[in-house]
Amino acid sequence: MHHLFSLVLGQRDLSRAGDLFSLKDAEIEDSLSEALEEIKTISSSADYLTNDNNQAVVEICITRITTAIRETRSIEKHRLALVSLWESCLEYNLIPEGKDEDTPHAKIASDIMSCILQNYKKPPVMALAVPVAVKFLCHGNKELCRNMSSYLSLAAIAKADLLADHTEAITKSILQVEPSLLTQFPFHAVLTGTNTS
């Protein structure tokens with residue numbers, strides 16, 4: 001792992017976290033999966049929910065990592081580590097505790113979701129991501145569900161067979177959280193080839 005990532009993540013050094021943005025994307029690209037694994041360790045620690053410093057370090061590092069992944073177009077290389085961290089968020093409360101105030105793990109999930117699901121045209125990424133995305137639909141965070149539904153609808157158009165096995169679960173989840181989304185993002189029609197017009 002790049003020495004600066006090692007310092008920031010290993011020592012939870014918030015004062016140096018901003019320096020990650022001074023590095024070139026190509027300079028840190030080989031370190032991204034390892035950094036994601038370290039973030040998973042930090043976010044799974046017993047004190048993470050109450051440790052503002054560690055939460056800030058994680059948020060900054062995730063922003064730097066997802067930016068580097070996009071700029072270097074290396075999503076397929078790092079998809080395993082990304083999806084693993086993303087899926088680990090399901091073990092925690094994702095429902096906002098206050099008005100528009102996401103929990104620490106909901107913030108992680110949201111940031112990683114956009115990085116992963118913007119690659120809906122890449123079957124290797126989506127094959128790994130879709131089963132995890134469907135699980136998020138059942139966790140009660142309406143904003144995450146709305147955003148997830150938007151991305152999954154694009155994935156259904158691009159590669160319907162990846163979502164075909166999950167049609168029933170997706171439809172039920174959306175009906176529970178936001179029924180109107182079914183008219184905006186007609187999963188059933190896309191996946192089965194039926195016409196809803």
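Contact here means heavy atoms within 4.5 Å. On that basis F136 makes a handy way into this predicted model: leaving out residues up to four places away in sequence, F136 touches W86, C89, L90, L94, A109, L144 and M148. One of these partners, W86, comes back below as the other half of a ring pair with F136.

Stepping back to the whole chain, the fold is helices and nothing else in the way of regular elements: the protein has 12 helices and zero strands. Read from the N terminus, the elements go α-α-α-α-α-α-α-α-α-α-α-α. Of the 197 residues, 45% count as buried. As for who touches whom along the chain, residues 24 or more positions apart account for 72% of the contacts with a separation of 6 or more. The accessible surface comes to about 9,700 Å², and 49% of that surface belongs to carbon and sulfur atoms.

Next, the inside. The largest nonpolar core takes in 53 residues, and the ones with the most contacts inside this core are F5, W86, I116, L117, F136 and M148. Several helices feed the core with two or more residues: helix 1 (3–10), helix 4 (32–43), helix 5 (52–72), helix 6 (75–88), helix 7 (104–117), helix 8 (123–136) and helix 9 (142–158). F136 and two of its contact partners, W86 and M148, thus turn up again in that list of well-connected core residues.

Aromatic pairing is a short story, since a search of the whole structure finds one aromatic pair. The pair is W86 with F136, and the geometry is stacked, at 5.0 Å centre to centre with 25° between the planes. The two rings come from distant parts of the chain, with W86 in helix 6, F136 in helix 8 and the two positions 50 residues apart. Both W86 and F136 are buried.

Cysteines get a brief mention. C89, already met as a contact of F136, has a relative accessible area of 0%, so it counts as buried given the cut-off of under 20%. C115 is buried too, at 1% relative accessibility. As for disulfides, the search of the whole structure comes back with zero.

Over at the N-terminal end, L9 sits in helix 1. L9 shows 0% relative accessibility and therefore counts as buried, the limit being under 20%. Its surroundings fit that reading: setting aside neighbours within four places in sequence, L9 is in contact with M1, A35, E38, I39, I42, V57 and C61. L36 is a further reference point for L9, 27 residues away in sequence and 9.9 Å away in space, C-alpha to C-alpha.

Finally, the charged side chains. The structure holds eight salt bridges. One of them joins the side chains of R16 and D19, with an N to O distance of 2.6 Å. Neither end is tucked fully away: R16 has a relative accessible area of 32% and D19 has 30%, so both count as partly exposed, between the 20% and 50% limits.

Another salt bridge brings K107 and E59 together at 3.9 Å, N to O. This pair links distant parts of the chain, K107 being in helix 7 and E59 in helix 5, 48 residues apart. K107 is partly exposed, with a relative accessible area of 32%, and E59 is partly exposed as well, also with 32%.

K122 and E76 form a salt bridge in which the closest N and O atoms are 4.0 Å apart. Here, too, distant parts of the chain are linked: K122 lies in the loop between helix 7 and helix 8, E76 lies in helix 6, and the two are 46 residues apart. K122 is partly exposed at 31% relative accessible area, and E76 is partly exposed at 34%. Beyond such pairs, salt bridges that share partners tie E29, D30 and K77 into one network.

Terms used. Residues are numbered from 1 along each chain as its sequence is written. This is a predicted model: local features need pLDDT of at least 70, side-chain atom pairs count only at pLDDT 80 or more; totals for chains, interfaces and linings use all residues. Side-chain values use heavy atoms; hydrogens and water are left out. Helices (H or I, at least four residues) and strands (E, at least two) are DSSP runs, numbered from the N terminus. Buried means under 20% relative accessible area, exposed over 50%, partly exposed in between (1.4 Å probe, protein chains only). Accessible areas come from the Shrake-Rupley method with a 1.4 Å probe; for residues, only the protein chains shown count as cover. A nonpolar core is a set of buried Ala, Val, Leu, Ile, Met, Phe, Trp, Tyr and Cys residues joined through side-chain atoms within 4.5 Å. A disulfide is a pair of cysteine sulfur atoms within 2.5 Å. Rings of Phe, Tyr and Trp (its six-membered ring) pair if their centres lie within 6.5 Å; planes under 30 degrees apart count as stacked, over 60 as edge-to-face and the rest as tilted.
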